[in-house]
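Student: I would like to learn how to read burial, fold and chain contacts from a model. Can we take them in turn?

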Amino acid sequence: MTLTLDAPRIVETRPLLEVHGVSKAYGPVQAVRNVSAHAYPGEVLGIVGESGSGKSTLLRMMNLEEIPEDGSYTLDLPDVSGNLFELDRFARRMLCATKIGIVYQNPHLGLLMKHSSSGNVAERLLVAGERSFATLRAAATEALDASEFPLDRLDAPPIELSGGMQQRVQLAKAIALEPALLLLDEPTTGLDVSVQALVLDTLKRLQQDRHITMVIVSHDLGVIRTLADRVMVMRRGEVVETGLADQIFQDPQHPYTQQLVHAKL
Amino acid sequence: MTVLDIQGLTKGFSLHHLAKDIPAFEDISFRVAAGEFVLLKGANGAGKSTLLRTLYRSYLPLSGEIRFHSSHGLIDLARAADVDVAHLRRTEIGFVTQFLTARPRVSAEAIVAEPLRLAGWEPEAALDAARKALATFGVKPDLWAAYPTTFSGGEQQKVNLARALILPQKLLMLDEPTASLDANARAALVARLQELKDQGTAMIGVFHHPDDVMHLIDRVVDLTPDAAPQEERDDVAL
């Protein structure tokens, strides 16, 4: 038995992101069951859980790729209001292009592998309505530079790049329009440990310099520990525990979280 | 002026895979005033480090109150929302451990400057202050831009202290900060603690060898329970 926590009293800003009571089933499989989550401006929310816990489905809902059967989603931003799940397809696409950036574990999901890297980043700006070639090129270069992508490879297509570099292109694309929200789905899984460290460091730097609100999904507790301020633990489509990152790792309350933390090398 | 008022604080750990409840400390009450230095005493396993971590909310207490007089008013840290605790850690509550959490590819000066950046300082001003702090603790200028992941234990600890003590806090927890320090760095630490104390920082510390800080100590709180001595359990949650 532990104490029930109070509502925030010092921090008076509203969460930037609020997801409330979302559920999603694929046939007989209940992927996400009545999940709520929030992230404050500038906060990094980590979501951990094993495969099939529903964490990636939840992230895709936050990117409006999946629309749940129930529940609501709000972003506290100027010109954004109401339940975002109710937007039509066009409004959804516009909102995602301008306010939300996403990095997938699999670069094929986020990039056109045979187009140039700078073109991949510029595409995002095109969707948002930018038409000047010079502006596109400059903005793409700036975003790639911020993601620590080597600028002498601007025109190389992602298919010719290493995994770490592909993730940087995805990241550049995600941040090109200075999104309010950055979603990361296993951004370092499958990369070499040294490359993983570089990507994590880039993310940390971006977060500190730009105060982007981030939601990061990973089964790698080390990644979550490095980046997240707050952690949400999911299992079988439900949230079993949330807390400050250090508390979740040092004093996990739920039996499943204890098992997860103890299993880490 | 009271900064912290701890009332009936109790902490234990439920280890589900062992189906076991392990008590850490029970019904602790004491107060700490601004500028006061409280030394926690007690045998290994009396729960000294556990108490510090509970006050910082790395551990969740089972019952009791941790009434902190923040600049936003009185708040019970035992029940405060996570986001409020995170805010207070960036602005008013510090924790000094004996280990540096070095991140790959982050320089010593950047690590030390980070708390200032999080508190809203401009990058250049933060870096300046960080370099001064590193110099105070005796880290050579050659190392400031290097990555501490490769430093020796002693050098890492200097970076750690420079970082942990750079931002004056209202409340500071100290968990064995003198471990693995050379004499000069120890002297720098004691001088910095004195400075913070004079500025009104309330401190609660655990020291295996409190000789260095003897003249700073205003009060000793003994956590030794009345019961028979208990097993070592500082790291039980990990």
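Student: Is helix α1 of chain A, residues 55-62, mostly covered or mostly open?

Tutor: Start with the terms. Helices (H or I, at least four residues) and strands (E, at least two) are DSSP runs, numbered from the N terminus. A residue is buried if 20 or more other C-beta atoms, placed from the backbone, lie within 10 Å of its own; 12 or fewer makes it exposed, and in between it is partly exposed. Here α1(A) is mostly covered: eight of its eight residues are buried. Among them are K55(A) and R60(A). Just after α1(A), L64(A) has a positive phi of about 60°.

Student: What is the status of the model?

Tutor: It is predicted: local features need pLDDT of at least 70, side-chain atom pairs need 80 or more, and totals for chains, interfaces and linings use all residues. Residues are numbered from 1 along each chain as its sequence is written, with chains lettered from A and ligands numbered from 1 in written order.

Student: How many helices and strands does chain B have?

Tutor: Six helices and nine strands. Buried residues are 43% of its 238.

Student: How many residues does each chain give to the contact?

Tutor: Two residues are in contact if their C-beta atoms, placed from the backbone, lie within 7 Å. Chain B gives 31 residues and chain A gives 29. On the chain B side, β4 (63-70) and α2 (82-91) are the elements giving two or more. The largest share, seven residues, comes from α2(B).
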